[in-house]
Amino acid sequence: MGLRHRQVHTGSRLCRLSLIGLIGLGLSGCVLGTEHPDAALEVPAAYGNGPRHPDAAVPSLDWWRGFRSEELTGLVEQAQASNLDIAVAVAQIIQAEAQAGVAGAPLLPSLSAGASAERLRQQGSNNNQFNLGLSASYMLDFWGKNRATLYAAEKNALASRYNREVVALSTTVAVANTYFQILAAQDQIKVARDNLAASTRILNLIQKQLAGGTTTQLDVSQQAALVATVRASIPPLEVTRRQNIAAIAVLVARAPADFNVRGQSLSRISIPRVTPGLPSELLVQRPDIRQAEAQLAASNFSVESARAAFLPQIQLTGTTGFQSAALSSLFGPGAWYYTLAASLAQPILDGNLLKSELKQASGVQLQDLQAYRKAVLSAFADVEMALVALEQTTIQMRLQNDVVTNARKAFQVAEAQLNGGTVNLVTVLQTEQTLFSAESSLVQVRLNRALAATSLFQALGGGWNKPAPVPVVVAGSAPPS
């Protein structure tokens with residue numbers, strides 16, 4: 001009868017503890033969502049340098065194909081598959097998701113098993129003790145401390161996924177920009193060699209005139225100096241070309257010694273048409289903004305976790321098992337035992353540890369809030385600057401084409417008149433140098449226009465309709481939106 005009474009009493013205690021646990025789970029996270037400050041963003045209705053119809057043309061996800069270069073497309077695809085910076089970002093995602101799993105562990109009960117056998121000989125007698133048992137413990141997350149910690153870890157994991165997108169976009173832009181610089185260097189080398197051929201041709205003509213007594217040694221020396229100057233301008237251009245080839249090899253994770261870029265001419269590169277859309281779309285389009293937003297959310301939950309640490313913590317523990325002096329009676333009715341306990345811990349004096357941790361978490365939250373605001377404003381500025389650069393370099397390229405056309409005509413006329421002996425050498429030298437400078441400037445303008453286009457794609461987040469990273473899901477979690 002006494003045993004039955006103890007069993008009923010035990011059952012009622014278990015019911016009460018279970019009820020406490022259910023209440024704790026029901027009230028878990030009751031302080032969540034209290035530390036989410038307003039970012040107070042100033043979002044303009046339209047871009048100041050954008051077109052009147054922002055939806056006329058939107059960038060695609062594979063925007064680099066719009067430059068219509070098969071080699072560039074191949075290099076970008078190699079970089080996306082093999083780039084080491086992207087690989088590092090992926091490894092960081094694995095670490096962040098594992099950390100989210102670690103943070104979610106306290107929300108689940110812990111269970112451990114143990115077994116022991118002990119033999120003690122004392123004053124001619126042997127004492128044996130056999131134990132086999134299970135122990136369980138569970139921390140009631142009454143104030144949402146552990147859940148806030150989990151949410152912070154999940155937001156950090158989400159930020160690491162956005163960071164991967166940031167790295168991938170930056171890598172793609174770096175590949176495109178480096179490729180364009182290679183093409184520009186090759187175009188500059190071609191301009192220098194064409195100018196070298198023309199200046200050498202004029203030098204030969206002047207030397208013939210010197211032999212005929214119709215010119216002076218001064219004219220020959222001046223033209224020879226020009227030929228040497230043009231020839232000396234080629235090695236630096238070759239340095240630029242080869243160094244950029246080595247740089248793009250690293251971007252695609254290849255050894256520079258075994259890597260080469262065929263390239264053609266920057267004049268064959270098409271500039272895709274792209275418009276910026278609405279500024280509000282940047283808030284979900286750019287991965288760096290999404291990353292800053294996720295980091296801010298993580299710091300918000302960290303503040304909530306630090307604030308909840310001031311409140312009492314309730315711990316439930318229980319053990320059960322078998323214990324006997326003889327192995328044969330280990331599982332007998334009298335060998336079974338159990339203990340149940342509930343404890344409450346309230347910080348009283350901790351040397352300002354919890355207060356300092358809350359202050360630190362609040363400081364990180366303020367830092368992330370300002371970083372988020374800056375990321376948004378910087379994104380708007382990036383688009384505005386890229387729009388201005390693309391618009392003005394397009395106009396400049398058209399004007400510079402006219403400069404080259406007229407300079408080439410002037411040089412051809414001056415060379416023909418020099419052959420006929422009806423023009424002085426000074427005029428020929430001036431037209432020759434003007435043509436060389438105009439052609440070099442045209443190559444630079446084409447490069448600046450291509451770089452402005454990639455900057456605009458990067459400022460817009462790399463294309464529209466980009467799928468958001470899949471949220472991190474950890475057992476026992478259901479993070480708020």
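This passage describes the fold, the nonpolar cores and one helix pairing of a predicted model. Residues are numbered from 1 along each chain as its sequence is written. Local features need pLDDT of at least 70, side-chain atom pairs count only at pLDDT 80 or more, and totals for chains, interfaces and linings use all residues, while side-chain values use heavy atoms, with hydrogens and water left out.

The chain holds 10 helices and 4 strands, taken as DSSP runs numbered from the N terminus (helices H or I, at least four residues; strands E, at least two). Along the sequence they follow the order α-α-α-β-β-α-α-α-α-α-β-β-α-α. Of the 481 residues, 41% are buried, meaning under 20% relative accessible area with a 1.4 Å probe, protein chains only.

Turning to the interior, the largest nonpolar core (buried Ala, Val, Leu, Ile, Met, Phe, Trp, Tyr and Cys residues joined through side-chain atoms within 4.5 Å) has 54 residues, and Tyr179, Phe180 and Ile248 have the most contacts inside it. Helices that each supply at least two residues of this core include α4 (145–211), α6 (234–251) and α9 (353–420). Beyond its neighbours within four places in sequence, Ile248 is in contact (heavy atoms within 4.5 Å) with residues including Leu75, Tyr179 and Phe259. A second, separate core of 27 residues includes Ala198, Leu429, Leu435 and Leu442.

Finally, α9 and α10 pack at an angle of about 160°, their axes 7 Å apart; axes are lines fitted to C-alpha atoms over the stretch in contact, and angles run from 0 to 180 degrees between N-to-C directions. This makes α9 roughly antiparallel to α10, a label for angles over 145 degrees.

Terms used. Buried means under 20% relative accessible area, exposed over 50%, partly exposed in between (1.4 Å probe, protein chains only). Angles under 35 degrees count as roughly parallel, over 145 as roughly antiparallel, 65 to 115 as roughly perpendicular and the rest as oblique.
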